[in-house]
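What follows is a walk through one protein model, taken a few elements at a time. Please keep the sequence and the 3D view open while reading.

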Amino acid sequence: MKHTDDKITIIGIAGGTGSGKTTVVRKIVEALPPHYVAVVPLDSYYNDTTHLTNEERRAINFDHPDAFDWKLLIRQVNELREGRAIEQPTYSYIISNRLPETIHVEPKPVIIIEGIMTLINKKLRDMMDLKIFVDCDSDERLIRNIQRDTIDRGRTVSMVVERYLEVLKPMHEQFIEPTKRYADLIIPQGGQNEKGIGILCKFIEGLVKE
């Protein structure tokens with residue numbers, strides 16, 4: 001267990017779906033010493049929908065801020081910040097609900113909160129030492145969504161495109177894009193931006209050394 005007087009650096013990484021957030025997170029983790037980073041994915045904190053019917057679950061808009069359990073996320077980030085381990089929820093896109101299993105997460109010197117709307121909640125933003133927005137052209141994000149959802153989530157290309165046009169694009173424009181203004185740093189070209197990510201990693205190494 002870490003003592004609270006050890007500085008814990010909290011980094012928020014936001015950006016549209018398929019923008020390359022995961023790549024940026026991976027590069028940060030690789031740049032720092034082993035076992036130095038705890039990653040808290042926003043995707044694990046969708047609301048528990050046990051009380052809903054399957055039909056009601058299918059109707060949920062997972063690209064809306066109301067789909068997330070912000071209270072639990074904020075509480076658990078606080079616990080990590082205070083040097084206490086957490087039991088992070090796990091979520092299944094297949095059944096659109098939380099799973100009974102949790103993931104045990106130990107507090108680490110660097111905590112990364114990563115997800116599409118990481119910067120939308122003011123309470124959460126106020127806890128961050130560094131706020132990053134990973135930016136990427138919408139057509140590239142669409143292509144990545146098609147690649148990912150057809151392979152990982154069993155959707156057809158037309159299903160992904162329809163969902164993109166009806167849900168992802170309007171929600172991105174309404175909720176995700178505006179959070180760019182809260183970012184301390186914007187990384188254009190997403191995960192492909194080697195130089196930008198390199199500079200970011202150097203900066204974080206500096207933050208951690210302080």
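Helices and strands here are DSSP runs, numbered from the N terminus; a helix has at least four residues and a strand at least two. With those names in hand, Thr 17 can be placed in the loop between S1 and H1. The model is a predicted one.

Thr 17 is a convenient place to begin. It counts as buried because its relative accessibility is 12%, and the cut-off for buried is under 20%. Leaving aside residues up to four places away in sequence, Thr 17 touches Ile 116, Arg 141, Asn 145, Arg 148 and Leu 168. Its C-alpha atom is separated by 26 Å from that of Tyr 36, a residue 19 places away along the chain.

After this loop comes helix H1, made of residues 21–31. Its buried residues are Lys 21, Val 24, Val 25, Lys 27 and Ile 28. They lie on the same side of H1, because the arc they cover around the axis is only 160 degrees. An α-helix has 3.6 residues a turn, so residues three or four places apart point the same way. The exposed residues Thr 22 and Glu 30 sit on the face of H1 that is turned away from the buried side. What do the buried residues of H1 pack against? Their partners are strands S1 (9–14), S2 (37–41) and S5 (110–114), together with S6, S7 and helix H7 (194–209).

Further along the chain there is a nonpolar patch on the surface, formed by Ile 94, Ile 95 and Leu 99. Together these residues have about 280 Å² of accessible area. Ile 95 belongs to the loop between strand S3 (86–92) and strand S4 (97–105). Its relative accessibility of 44% is the reason Ile 95 counts as partly exposed.

Helix H5 spans residues 138–152, 15 residues in number. From its first C-alpha to its last it reaches 20 Å, close to the 21 Å expected at 1.5 Å a residue. Which residues of H5 are buried? They are Arg 141, Leu 142, Asn 145, Ile 146 and Asp 149. These residues are on the same side of H5, because they cover an arc of only 140 degrees around the axis. The cover over the buried residues of H5 includes helix H6 (157–176). On the face turned away from the buried side, H5 carries the exposed residues Ile 151 and Asp 152. Just after H5, Gly 154 has a positive phi of about 60 degrees.

Arg 155 is found in the loop between H5 and H6. With a relative accessible area of 21%, Arg 155 is partly exposed. Its contacts, not counting residues up to four places away in sequence, are Asp 149, Thr 150, Val 160 and Arg 163. The C-alpha atoms of Arg 155 and Ala 85 are separated by 36 Å, and the two residues are 70 apart along the chain.

The charged pairs come next. Side chains of opposite charge can pair when their charged atoms come close. The whole structure contains 15 salt bridges. One of them joins Arg 163 and Asp 149, with the closest N and O atoms 3.7 Å apart. This pair links distant parts of the chain, since Arg 163 is in helix H6 and Asp 149 in helix H5, 14 residues apart. Arg 163 counts as partly exposed at 24% relative accessibility, whereas Asp 149 is buried, with a relative accessible area of 1%. Salt bridges with shared partners join Asp 63, Arg 148, Asp 149, Arg 155 and Arg 163 into one network.

Another salt bridge brings together the side chains of Lys 131 and Asp 184, at 3.9 Å from N to O. Lys 131 lies in strand S6 (130–134) and Asp 184 in the loop between H6 and strand S7 (185–187), so the pair ties together parts that are 53 residues apart in sequence. Are these two residues buried or exposed? Lys 131 counts as buried, at 16% relative accessibility, and Asp 184 counts as partly exposed, at 46%.

Lys 180 and Asp 135 also form a salt bridge, their closest N and O atoms being 2.8 Å apart. Here Lys 180 is in the loop between H6 and S7 and Asp 135 in the loop between S6 and H5, 45 residues apart, and the pair links these distant parts of the chain. Both Lys 180 and Asp 135 are buried.

Note on methods:
Residues numbered from 1 in each chain as written. Predicted model: local features only at pLDDT ≥ 70, side-chain atom pairs only at ≥ 80, totals over all residues. Heavy atoms only, no water. Patch = residues over 30% accessible without salt bridge, like charges linked within 9 Å, V, L, I, M, F, W, Y side chains within 5 Å. Areas by Shrake-Rupley, 256 points an atom, 1.4 Å probe, with all protein chains shown as cover. Salt bridge = Lys/Arg side-chain N within 4 Å of Asp/Glu carboxyl O. Buried < 20%, exposed > 50% of the residue type's maximum accessible area, 1.4 Å probe, protein only. Expected span 1.5 Å × (residues − 1). Arc of directions from axis to C-beta. Contact = heavy atoms within 4.5 Å.
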